[in-house]
Amino acid sequence: MHDIRLPRVLDEAYRVAWGDLCYFRENVATILLSCLVGPLLYLIAFGYGIGSGMEKGVDDYIRFIIPGIISMATLSATFSFISSKILIQKLFYASFDELMLCPIRPSSVVLGKSLVGVLRGMCSCAIILMIGILISPGIKVTATLFLLMFVSSLTFSLLGILAGLIAKKHNSLTVFSSLVIVPMTFFCGTIFEISNVPAPLGYAIYTLPLTHPTESIRAVMLDLPMPWLSVLILCAYCVLFFILDYHLIKRRSF
Amino acid sequence: MGIIIKAEGLKKSFDGFEAVRCIDIEVEEGEVFGFLGPNGAGKTTSIRMLTTMVRPTSGNITINGFSLDKDMTEAKASIGVCQQHISLDKDITVRQNIKHHAILHKMPSKEIAARMDELSEFMCLGPHMDKKITELSGGWKRKTSIVCSIMHKPKILFLDEPTAGLDTKSRHMLWDLIRQLNRSGTTIFLTTHYIEEAEDLCDRVAILNQGTVVALGSPKELRDSIGGMTVEYSDDAGRKVMRQFPDRQSGKEFMATLGENTTMSLRRTTLEDVFLIVTGEEYSKGGA
């Protein structure tokens, strides 16, 4: 990975993303609407539905799950969109082949392909955040929050690239989503406190990547002590997915 | 003029099947080099290895002086590729596909619009530029692919069956474009099913069979290698038979030995005759 020089990589990443950004710009309303429906439904169903029956009251629970829903959005707005796009561009459009023919470094391809996912993730999070501020004005919004949303969106975009590159047919992606992504959205502390589940399950939950942005984002928004280990693990997942994507593209093992 | 494409001991296996057994070729800068072969001969696998799309099982490739093992990115900057299958992004328009290609090849933004106008005019793409790829017929998609592959003025242009699916007018338009590009110094590497296309366009031709080069030379050299004249006649069983001879005189002498009622003709040997002989088709090799 000796060829990673940041300005050049970023310039090339933008070049890679250009086509996807054209598509994003022309379909922004549909794209955002489609990725907001899920998180907003969770907010209403869990926040007002289940929250109203809780001891602490609906307001406290909503305050608790807003960071979870934002964390969930960094996954739901990025993973499926990126993995399907990569798979379609690879198998059906063959336009991924064209990309491989261009004088662009593998690191730039990885970053460029993740860029539109990050954009989608950040837009979704920003909209949920605005709704969150309206219904629960006490939550804190800082630059660290945006940084965490960015790193989390990037991590799950990179995971989406990995899944899209490895998958040989659309069904494989659906199976992966059903077995890994959907359970992750519910289990990773998005709608409940991990400390409330039995210890062995709690440990298992801590191995999943979504747990860590959830914990970190919640800490920032609710003004709790920052779980630095979770921040570190989130960054480690990000680097790990980047390295795996990089090697798959460099070796053309997809 | 030096060697611009060099492949040594190129092999590729897929799950034990040897798609390319051993290929050694050298392409001179500025020439139009043709790759001919029957289906499954290894043409597309070879071109995919030469264009960095597939890693060879073994062997070395040098493109424009850059080894694909060490300087792949630099090698990619020298080439343009029009693949056999349409490989355009169907989510965006023709204009956006072409522009994206130029951006990926790091063309200066000032040059992009002018080059796009020039090529879209030449390929009559103008009315289709703002259409989505899915709205185009196969021929227009092919033209868009071709424009993408030459947008950045590559030193070497790889064309994998570029005229497949094109109508006669478009095919001739593309041949003109290939000649024009070649005159301006672009080296062309072409695979085709149309033998007359190779015969008409190529300075040299390699004929591939079962993953290896079985004949290599200019169309004339290849024709002369089996005999420049061909006698075509029907044998006793009524089957069409062809025999090659080095010159018209020996062909005529042979014809004189055939029965009076035999249907026969004497003509120049074509590249198709060479192709059929070297790829092992049922064919009677004559006096050459």
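Start by selecting B:Glu161 in this predicted model, and place it in the loop between strand E7 (156–160) and helix H6 (168–183) of chain B. Is B:Glu161 buried or exposed? Counting 21 other C-beta atoms within 10 Å, B:Glu161 is buried, because the cut-off for that class is 20 or more. If you now add its contacts to the selection, leaving aside residues up to four places away in sequence, you will pick up B:Gln84, B:Thr191, B:Thr192 and B:His193. One of these deserves a distance label: the C-alpha atoms of B:Glu161 and B:His193 are separated by 6.9 Å, although the two residues are 32 apart along the chain.

**Two further loops of chain B**

Move next to B:Asp15, which is found in the loop between strand E1 (3–14) and strand E2 (17–28) of chain B. Here the surroundings are sparser in the count, for B:Asp15 has 4 other C-beta atoms within 10 Å and is exposed. Its backbone is worth a look as well, since the phi of B:Asp15 is near 50°, a positive value in a residue other than glycine. Most residues other than glycine have a negative phi.

A second case is B:Lys106, in the loop between helix H3 (94–104) and helix H4 (109–122) of chain B. B:Lys106 is not a glycine either, yet has a positive phi of about 60°. With 14 other C-beta atoms within 10 Å, B:Lys106 is classed as partly exposed.

**Strands of chain B**

Select residues 204–209 and 212–217 of chain B, which are strands E9 and E10, running antiparallel and joined by 5 bridges. To find your bearings within the pair, highlight B:Ala206 and its bridge partner in E10(B), B:Leu216. The two strands form a hairpin with 2 residues between them, and in that turn B:Gln210 has a positive phi of about 50°.

Further along chain B, look for an open sheet of 3 strands, ordered E12-E11-E13 and paired antiparallel. Which strands stand at the edges of this sheet? They are E12 (240–245) and E13 (264–268), each of which has a single partner strand, so one side of each is left without a neighbour in the sheet. Viewed across the sheet, neighbouring strands are turned by 25° against each other on average, with direction ignored. Strand E11 (residues 229–234) is joined to E12(B) by 6 bridges, in an antiparallel arrangement, and the pairing of B:Glu232 with B:Met242 in E12(B) is a convenient one to display.

**Across to chain A**

To cross over, colour the contact between the chains, where 19 residues of chain A are in contact with 21 residues of chain B. On the chain A side, helix H1 (6–26) and helix H5 (95–100) each supply at least two of the residues that touch chain B. That side divides into 11 nonpolar, 3 polar and 5 charged residues.

Now show chain A by itself, where you will find 11 helices and 0 strands. Its C-alpha trace spans about 60 × 40 × 35 Å along the principal axes, and the radius of gyration is 18 Å, in agreement with the value near 18 Å that a compact globule of 254 residues would have. Of those 254 residues, 49% count as buried.

**Inside chain A**

Select helix H10 (residues 211–221) of chain A, where 11 of the 11 residues are buried, so that H10 is largely enclosed by the rest of the structure. Among them are A:His212, A:Glu215 and A:Arg218. The cover over these buried residues includes H3, helix H7 (143–166), helix H9 (199–206) and helix H11 (228–250) of chain A. Just after H10(A), stop at A:Asp223, which takes a positive phi of about 55°.

Finish with helix H3 (residues 58–76) of chain A together with helix H6 (residues 106–135) of chain A, whose axes come within 8 Å and cross at roughly 170°. That angle makes H3(A) roughly antiparallel to H6(A). To see where they meet, show side chains including A:Ile62, A:Ile66 and A:Ile69 in H3(A), and A:Ser124, A:Cys125 and A:Ile128 in H6(A). The residues of this helix contact divide into 9 nonpolar, 4 polar and no charged.

Notes: Residues are numbered from 1 along each chain as its sequence is written. Chains are lettered from A and ligands numbered from 1 in the order in which they are written. This is a predicted model: local features need pLDDT of at least 70, side-chain atom pairs count only at pLDDT 80 or more; totals for chains, interfaces and linings use all residues. Axes are lines fitted to C-alpha atoms, for helices over the stretch in contact, and angles run from 0 to 180 degrees between N-to-C directions. Helices (H or I, at least four residues) and strands (E, at least two) are DSSP runs, numbered from the N terminus. Angles under 35 degrees count as roughly parallel, over 145 as roughly antiparallel, 65 to 115 as roughly perpendicular and the rest as oblique. Two residues are in contact if their C-beta atoms, placed from the backbone, lie within 7 Å. Ala, Val, Leu, Ile, Met, Phe, Trp, Tyr, Cys and Pro count as nonpolar, Asp, Glu, Lys and Arg as charged, and the others, Gly among them, as polar. Two strands pair if DSSP finds at least two bridges between them. The radius of gyration is taken over C-alpha atoms; the globule rule is 2.2 Å times the number of residues to the power 0.38. A residue is buried if 20 or more other C-beta atoms lie within 10 Å of its own, exposed if 12 or fewer, and partly exposed in between; C-beta atoms are placed from the backbone.
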